[in-house]
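Q: I'm new to this, so could you pick one part of this structure and take me through it slowly? I'd like to see how the pieces connect, and what is going on around them.

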Amino acid sequence: MYHVRMSMTATWTGSAIRAALADTGVSQKALSDTTGIPYPTLRRKLGGHKGFTLAELLVIAEAMHVHPSVLVPPQFKTSTEASRDLSGVA
């Protein structure tokens, strides 16, 4: 059960980061350079093959100038954050 949940979380987080990259115009290579996450590692994690650490999510959010909650799956947010995400308000 834990492995399946982690895989779903890793996939969701990778998708959220890819969407934030597209929204901000930051390339994967630039994100790798800015965060210090090796490019091959970043690509694996963006593909959902491995999860991001909290420290990585924070540095990624900072590098892209987005709130960290943008990168967190709904089940890990407060009800207020989840409602805000659903309404499209940042």
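A: Let's start where helix H2 and helix H4 cross: the crossing is right-handed. Keep in mind that you're looking at a predicted model. In general, you describe two packed helices by the angle between their axes and the distance between those axes. Here, H2 covers residues 28–35 and H4 covers residues 54–64, and their axes come within 10 Å of each other, crossing at roughly 115°.

Now zoom in on who meets whom. From H2 you get Leu 31, Thr 34 and Thr 35, and from H4 you get Val 59, Ile 60, Ala 63 and Met 64. Sorted by class, that contact has five nonpolar residues, two polar ones and no charged ones.

Some of those names come back in the largest nonpolar core, which has 13 residues: Leu 31, Ile 60 and Met 64 are among the ones touching the most other members, along with Ile 17, Phe 52 and Leu 71. Helix H1 (2–24), helix H3 (39–46) and H4 each chip in at least two residues. The largest share, four residues, comes from H4.

Try clicking on Phe 52 next. Leaving out residues up to four places away in sequence, Phe 52 touches Thr 13, Gly 14, Ile 17, Leu 42, Lys 45, Leu 46, Leu 57 and Ile 60.

Back on H2, have a look at Ser 32, which lies in that helix. Ser 32 counts as buried because its relative accessibility is 5%, and buried means under 20%. With residues up to four places away left out, Ser 32 touches Ile 37, Pro 38, Tyr 39 and Leu 42. So Leu 42 is a neighbour that Ser 32 has and that Phe 52 has too.

Now step past H4, into the loop between H4 and helix H5 (79–87), where you'll find His 65. Its phi is near 60°, a positive value in a residue other than glycine. His 65 counts as exposed, because its relative accessibility is 75% and the cut-off is over 50%.

Pro 73 is in the loop between H4 and H5 as well, but Pro 73 counts as buried, because its relative accessibility is 4%. Pro 73 touches Thr 9, Trp 12 and Thr 13, again skipping residues up to four places away in sequence. Thr 9 is 64 residues from Pro 73 in sequence, yet the two sit 6.8 Å apart in space, C-alpha to C-alpha. And if Thr 13 rings a bell, that's because Phe 52 touches it too.

Methods. Residues are numbered from 1 along each chain as its sequence is written. This is a predicted model: local features need pLDDT of at least 70, side-chain atom pairs count only at pLDDT 80 or more; totals for chains, interfaces and linings use all residues. Side-chain values use heavy atoms; hydrogens and water are left out. Axes are lines fitted to C-alpha atoms, for helices over the stretch in contact, and angles run from 0 to 180 degrees between N-to-C directions. A crossing is left-handed if the near helix is turned anticlockwise from the far one by less than a right angle, and right-handed if clockwise. Contact means heavy atoms within 4.5 Å. Ala, Val, Leu, Ile, Met, Phe, Trp, Tyr, Cys and Pro count as nonpolar, Asp, Glu, Lys and Arg as charged, and the others, Gly among them, as polar. A nonpolar core is a set of buried Ala, Val, Leu, Ile, Met, Phe, Trp, Tyr and Cys residues joined through side-chain atoms within 4.5 Å. Buried means under 20% relative accessible area, exposed over 50%, partly exposed in between (1.4 Å probe, protein chains only).
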